[in-house]
Amino acid sequence: MHTCDLNVSINKLSKIEGHADLDVVIKDGKVVDVDLRVMENLRFFEEAVKGQSALAVPTLVSRICGTCSIAHLTACTEAVEKTLGIKITEQTSVLRKLTMHSLMIRDHALHLYFFVAPDLFGVDSALDIPEEHKELIHQALHVKEAGNNLSTLVAGRSVHATYEMVGGFSHVPEKEKIAPTIEELRSIRPMVLDLCEIFYKCDWELKRKTNFVALVTDDFSYLEGKIKSTTGAVIEEKNYWDHLHKVIIPYSQASGFEFEGEEFMVGSLARLNLNKDAMHADTKRDAAKYLAVFPSDNIYHNNLAQAVEILHSIDHSIELLQKYDFKKEEIVKPTVMDGEGVGVIEAPRGTLYYWLGVNGGKVRYANLIIPTAQNLVNMREDVRQAVTNLCALDDDRTVLENKIRKEMEKMIRAYDPCMSCASHFLKINWK
């Protein structure tokens, strides 16, 4: 075991969404400080939406992030509808599920193929993956394209979707485009099973007991359910704020959160740990070997969980596209223009909360809780554990420092964090 003093600073963690730095201080071989700093510029979305029309706010907040735009649009739309007494139709519910599935396919594909896969081959970029494995990049482009095309069919665009709105969808999928979309989804299924096998065989491991929290839904559709935790909590969506506690991280541009006083993790690993039995029957049949891995305390299994979720989103999307005869519907109008409501969905990186207060159709109050912000405290403790494990090895100082730099980036990357979404917390008292 090392007895050295060592300060390790990583400026701009690579291959994640947004910007973050990491400082680790080791004294006498023991980790004494871990500072994970979100370094995005301060953002003021909770203040910026005040006074805006509630019906327009979902489109505004979708600009929080290009990668997560559909997630913000959908969660905020749900919050507005619950605030203004809007009951959506069954068809709108189906179209929202398809929209979320399209987001999961393209977003997880980006993370796994382009951010994580280079680590599997010991290279910095997907472009540097050895020639004999270049087919993986071709598969990556096919999978991501299929997710983008499903988004375009259902929601209008893959980023900043235009069809989804408060009370319904302004457009329904054209019948002549549904069959080709189903065929394309079927064509990428073998590629995604290959991706599952890659991360099933991956031997990366960091186990640490923690609590997992997710919105648990009957059909694993990421929409409407109850918030559950591996410690046994079962919470109605509207009561989420009674269980989440903000943690100020003074050196970071984003605050963290605890769930009932303890650090916790949200995201694909949490969803698989809590709700794998709700996955599509075809997914459970063909991915049984991979699903048997869960529940798991190994953070790196978040990569495998994302791969399995891509498969589920493909299978559920095919079923929904085959089953429903989509027809033009009128947008459901508000019944009241005052009130409060909560929208909760499962975004690719975890549970996303929107709480709005509306007076006279204008937003009076907004509270947004972003998945990556919820994971920050857990992420910091995983870094502490991982560095402690490395310090226990008998490496010389240079080797130890290099291992810390490499392994910490890889471990944080496994969370698939979106620092851009997380850095919006600041509350300002204007004078």
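**Notes on the predicted model: aromatic pairs, strands and one helix residue**

1. Let's start with Tyr 200, which is partly exposed because its relative accessible area is 35%, in between the 20% and 50% cut-offs. Keep in mind that this is a predicted model. Tyr 290, on the other hand, is buried, with a relative accessible area of 7%.

2. Why bring up those two tyrosines together? The structure holds 10 aromatic pairs. In one of them, the ring centres of Tyr 200 and Tyr 290 sit 5.4 Å apart with the planes at 70 degrees, so this pair is edge-to-face. It also links distant parts of the chain: Tyr 200 belongs to helix α6 (residues 175-201) and Tyr 290 to helix α9 (residues 288-291), 90 residues apart.

3. Next, have a look at Trp 355 and Tyr 365, an edge-to-face aromatic pair with 5.4 Å from centre to centre and 80 degrees between the planes. Trp 355 is in strand β13 (residues 350-359) and Tyr 365 in strand β14 (residues 362-369), so the pair ties together parts that are 10 residues apart in sequence. Tyr 365 counts as partly exposed, at 29% relative accessibility. Both rings belong to one aromatic cluster, along with Tyr 240, Trp 241, Phe 257 and Tyr 353.

4. Now the strands. In a regular strand the side chains alternate between the two faces of the sheet. Strand β1 (residues 6-10) shows this with a split in burial: Leu 6, Val 8 and Ile 10 point to one face and are buried, while Asn 7 and Ser 9 point to the other and are not. β1 runs antiparallel to strand β2 (residues 20-27), joined to it by five bridges. Val 8 has Val 24 of β2 as its bridge partner.

5. Which faces of β6 are covered? Both: Asn 211, Val 213 and Leu 215 are buried on one side, and Phe 212, Ala 214 and Val 216 are buried on the other. That fits the tally for β6 (residues 211-216), where six of six residues are buried.

6. As for the neighbours of β6, strand β11 (residues 264-265) runs parallel to it, with two bridges, and Asn 211 is partnered there by Phe 264. Strand β7 (residues 226-229) pairs with β6 in the antiparallel sense over four bridges, with Lys 226 of β7 opposite Val 216.

7. Last, Asn 389 in helix α11 (residues 371-391). Asn 389 counts as partly exposed at 36% relative accessibility, and its side chain makes a polar contact with that of Gln 385 (2.9 Å).

Technical notes:
Residues are numbered from 1 along each chain as its sequence is written. Side-chain values use heavy atoms; hydrogens and water are left out. Buried means under 20% relative accessible area, exposed over 50%, partly exposed in between (1.4 Å probe, protein chains only). Two strands pair if DSSP finds at least two bridges between them. A polar contact is a pair of N or O atoms within 3.5 Å; within protein, one must be able to donate a hydrogen and the other to accept it, and residues adjacent in sequence count only if both atoms are side-chain atoms. Rings of Phe, Tyr and Trp (its six-membered ring) pair if their centres lie within 6.5 Å; planes under 30 degrees apart count as stacked, over 60 as edge-to-face and the rest as tilted.
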